[in-house]
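Reader: Could you walk me through this one, a piece at a time? I will jump between topics as they come up.

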Amino acid sequence: MRICFVGNSHLATAKFGWDAVAPDYRNVEVSFFGAIATVFADVAVEDGKLVPKSDAAKQSFIRTSGGRDSAIFTDYDLVILLALDFGLWNLLDLYDKYRWGDQNNTEGEYELVSTGYLHEIAKARLTRSTAIRFRNDIRKSGARVPKVWIYPEPMPSQSVLTEAPAQKSDLSALRLEALRRAAHWHDERSLGTAFAAARSFLSAAEDIVLEQPAHTITADVFTQREFSDGSIGLASLPSPRGDFVHMNGRFGELMVRQILNLAAG
Amino acid sequence: MRSPYEGLPSNRFWKSAVPEQRPFAVAGLYTKRFEIRRTDRIATAGSCFAQHIGRNLRKRGFNVIDAEPREPGLPAEIAARYGYGLFSARYGNVYTARQLHQLAGEAFETFSPANAVWQRGDRFFDAMRPGVEPDGLETETLVRLHRQRHLKKVASVLRQAEIFVFTFGLTEAWTDMRTGTVYPTAPGTIAGDFDPHIHEFRNFAVAEVLNDFVAFRSLIKAQNPAVKFLLTVSPVPLAATASDAHVLIANTYSKSVLRAVAGELYAMFDDVDYFPAYEIVATSVSKGAFFEKDMRSVSQAGVETVMRAFFRAHNPGPVQTNERPNGSEAPDDADEVVCEDILLDAFAR
């Protein structure tokens with residue numbers, strides 16, 4: 001079986017996971033094509049190929065794949081689109097703008113909306129994710145289309161509740177702060193429900209959207225600390241202290257085994 | 001011998017003004033009473049036909065107020081199911097002048113509706129706009145909270161509007177007979193339960209519709225003296241009547257009342273203009289060409305003809321990108337209008 005992982009910075013976790021489990025799966029070949037999220041803006045799926053549109057994307061693909069600057073999807077039995085804006089992470093800032101359902105936090109400025117409407121927003125957000133866009137483009141691209149599965153961004157680490165985050169970009173900081181505030185008001189489960197509704201909606205029968213293993217999650221929206229301590233990303237190795245977005249090799253091993261076992265049927 | 005008809009312009013004579021005209025461009029039908037500039041803050045409300053007017057104004061770059069905008073990136077047709085993007089706030093369709101008066105009264109805290117929360121199963125609905133949440137809300141308290149916030153937005157719309165566009169839709173309504181509260185839909189259609197001991201059918205007369213709009217005008221003028229009104233009458237016939245008349249008879253009564261009131265208001269107030277969308281679509285000049293096969297839905301050609309006539313009169317020239325609010329692109333509004341009264345078709349035998 002030939003498997004192609006395409007992902008953003010979370011791809012490093014998968015690579016570490018694969019390195020750890022590869023001896024147990026001798027009949028599986030795995031390729032990795034990754035770039036940090038900002039570089040993925042310059043990547044397209046064209047005619048069944050993953051095509052870099054910038055030198056940064058090209059170099060990143062060469063680095064992560066071991067020499068190739070593009071992926072030809074028909075060479076694979078299974079394509080895993082890892083993270084690529086698909087996850088709870090992409091919804092967290094909604095808590096800054098909206099309140100819905102029976103949430104407790106009534107402080108500050110916000111729009112009060114219905115749960116149904118908020119879930120529609122979540123679906124629309126994830127529908128526009130790079131993962132869903134690539135999935136659709138791959139499916140359109142030719143006669144022999146491999147299976148395409150989406151593996152969502154891991155839930156942020158529960159350490160975000162007790163430690164200062166390292167993520168300094170405006171959006172990342174905003175999202176982590178929104179999650180901390182939601183947890184402070186015990187509203188975090190409603191964010192998890194919104195993500196679950198969107199994930200369920202976007203899971204087609206033939207193209208699976210996988211779920212992060214339940215035993216790695218706490219309070220619906222956090223990855224347990226043991227799977228995030230010593231996290232790894234594409235940008236730096238290891239990730240800086242206070243990286244609550246990426247997970248560690250142990251998580252990667254679980255993730256890869258989950259995928260391979262499901263693929264083996 | 002002299003006749004008072006001598007020397008009148010050709011559009012005063014049926015032969016030259018109607019049968020000799022093309023329905024797609026009837027000359028001299030409308031003379032605007034006041035300018036509508038692209039920068040004027042325009043509020044829209046009314047029956048579902050009013051959604052066409054708001055949408056086309058936005059497409060032409062007019063400054064239509066949207067006090068409760070949809071989330072960017074959410075498809076317009078999905079947002080429309082939740083009442084976003086249809087009017088200047090999420091009040092849903094306002095079919096009657098009484099409903100409009102009540103809405104302004106609630107916004108300015110001079111009116112409080114009776115039995116304002118309806119239930120369907122374990123979900124709760126705002127009885128004053130039951131169509132804007134297709135699945136209702138989790139609790140009655142939430143419905144009241146949502147309404148409080150909505151009414152603040154409505155008040156802001158009414159206070160800031162320079163032009164208020166209203167489309168009269170119906171004279172028939174269902175009321176709470178104990179208080180007179182009028183609902184936009186019959187209890188039991190979307191949510192709630194019809195109780196013949198509580199709910200009463202009303203078919204408003206000219207004087208009532210007139211008084212309701214005059215009262216509404218007074219309310220809004222007290223807060224916003226400069227506002228002007230552009231009135232239309234919906235050409236869409238009644239989906240059903242609860243009167244004891246044939247629906248065709250009931251429709252003629254309803255539209256006649258509404259058209260008469262619009263005419264009265266035009267005569268009474270210099271700040272009221274009337275735009276003849278009803279005449280363009282529903283009178284003999286169109287030979288029925290602007291209705292779909294159901295003889296009720298207005299066709300795209302009908303809508304386009306109405307709006308062409310409107311923009312011939314109110315034409316501030318090609319839109320410049322910097323004239324759009326925040327320099328935004330033309331909006332991708334939902335194509336379909338949202339009408340609760342179409343639900344009544346489900347009850348047709």
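**A working chat about the model**

Author: Let me start with B:Val206, which has its place in helix α6 (residues 206-223) of chain B; please keep in mind that this is a predicted model.

Reader: Is B:Val206 buried or partly exposed?

Author: B:Val206 counts as partly exposed, because its relative accessibility is 33%.

Reader: And what does B:Val206 touch, leaving out residues up to four places away in sequence?

Author: With those set aside, B:Val206 touches B:Val257, B:Ala260 and B:Val261. For one of these partners, B:Ala260, the C-alpha atoms lie 7.2 Å apart in space, although B:Val206 and B:Ala260 are 54 residues apart in sequence.

Reader: Staying in chain B, which salt bridge does B:Arg217 make?

Author: The side chain of B:Arg217 meets that of B:Asp271 in a salt bridge, at 2.8 Å from N to O. B:Arg217 lies in helix α6 of chain B, while B:Asp271 sits in the loop between α7 (247-268) and β9 (272-274), so the pair ties together parts that are 54 residues apart in sequence. Both B:Arg217 and B:Asp271 are buried.

Reader: How many salt bridges are there over all chains?

Author: The structure holds 35 over all chains, and the rule finds 4 across the interface of chain B and chain A.

Reader: What about A:Asp96, which residue does that one pair with?

Author: A:Asp96 forms a salt bridge with A:Arg181, with the closest N and O atoms 2.1 Å apart. Since A:Asp96 lies in helix α3 (residues 94-97) of chain A and A:Arg181 in helix α6 (residues 170-184) of chain A, the pair ties together parts that are 85 residues apart in sequence. A:Asp96 is partly exposed, with a relative accessible area of 25%, and A:Arg181 is partly exposed too, at 26%.

Reader: Back to the interface: how much area is buried between chain B and chain A?

Author: About 1400 Å² is buried between chain B and chain A, and carbon and sulfur atoms give 51% of that area. On the side of chain B, the residues that lose the most area to chain A are B:Glu71, B:Tyr82 and B:Arg149, which together account for 37% of what that side buries. The contact takes 19 residues from chain B and 17 residues from chain A.

Reader: Which residue forms a salt bridge with B:Glu71?

Author: A:Lys97 does, and the closest N and O atoms of A:Lys97 and B:Glu71 are 3.0 Å apart. Another salt bridge joins the side chains of B:Lys153 and A:Glu111, at 3.1 Å from N to O. This pair crosses between chains, from helix α5 (residues 140-160) of chain B, where B:Lys153 lies, to strand β8 (residues 111-113) of chain A, where A:Glu111 lies.

Reader: Changing topic, how many residues does helix α9 of chain B have?

Author: Helix α9 (residues 300-313) of chain B has 14 residues, and its reach of 20 Å from first C-alpha to last is close to the 20 Å expected at 1.5 Å a residue. Its buried residues include B:Val303, B:Met307, B:Phe310 and B:Phe311.

Reader: What do the buried residues of α9(B) pack against?

Author: They pack against α2 (49-59), β8 (228-233) and α8 (277-282) of chain B.

Reader: Last one: which residues make the nonpolar surface patch?

Author: B:Tyr5, B:Leu8 and B:Phe13 make a nonpolar surface patch of about 290 Å². B:Leu8 has its place in the segment before α1 (14-17) of chain B, and at 34% relative accessibility B:Leu8 counts as partly exposed.

Methods: Residues numbered from 1 in each chain as written. Chains lettered and ligands numbered in written order. Predicted model: local features only at pLDDT ≥ 70, side-chain atom pairs only at ≥ 80, totals over all residues. Heavy atoms only, no water. Patch = residues over 30% accessible without salt bridge, like charges linked within 9 Å, V, L, I, M, F, W, Y side chains within 5 Å. Areas by Shrake-Rupley, 256 points an atom, 1.4 Å probe, with all protein chains shown as cover. Helix = DSSP H or I, 4+ residues; strand = E, 2+ residues; numbered from the N terminus. Buried < 20%, exposed > 50% of the residue type's maximum accessible area, 1.4 Å probe, protein only. Expected span 1.5 Å × (residues − 1). Contact = heavy atoms within 4.5 Å. Buried area = accessible area lost by both parts, 1.4 Å probe.
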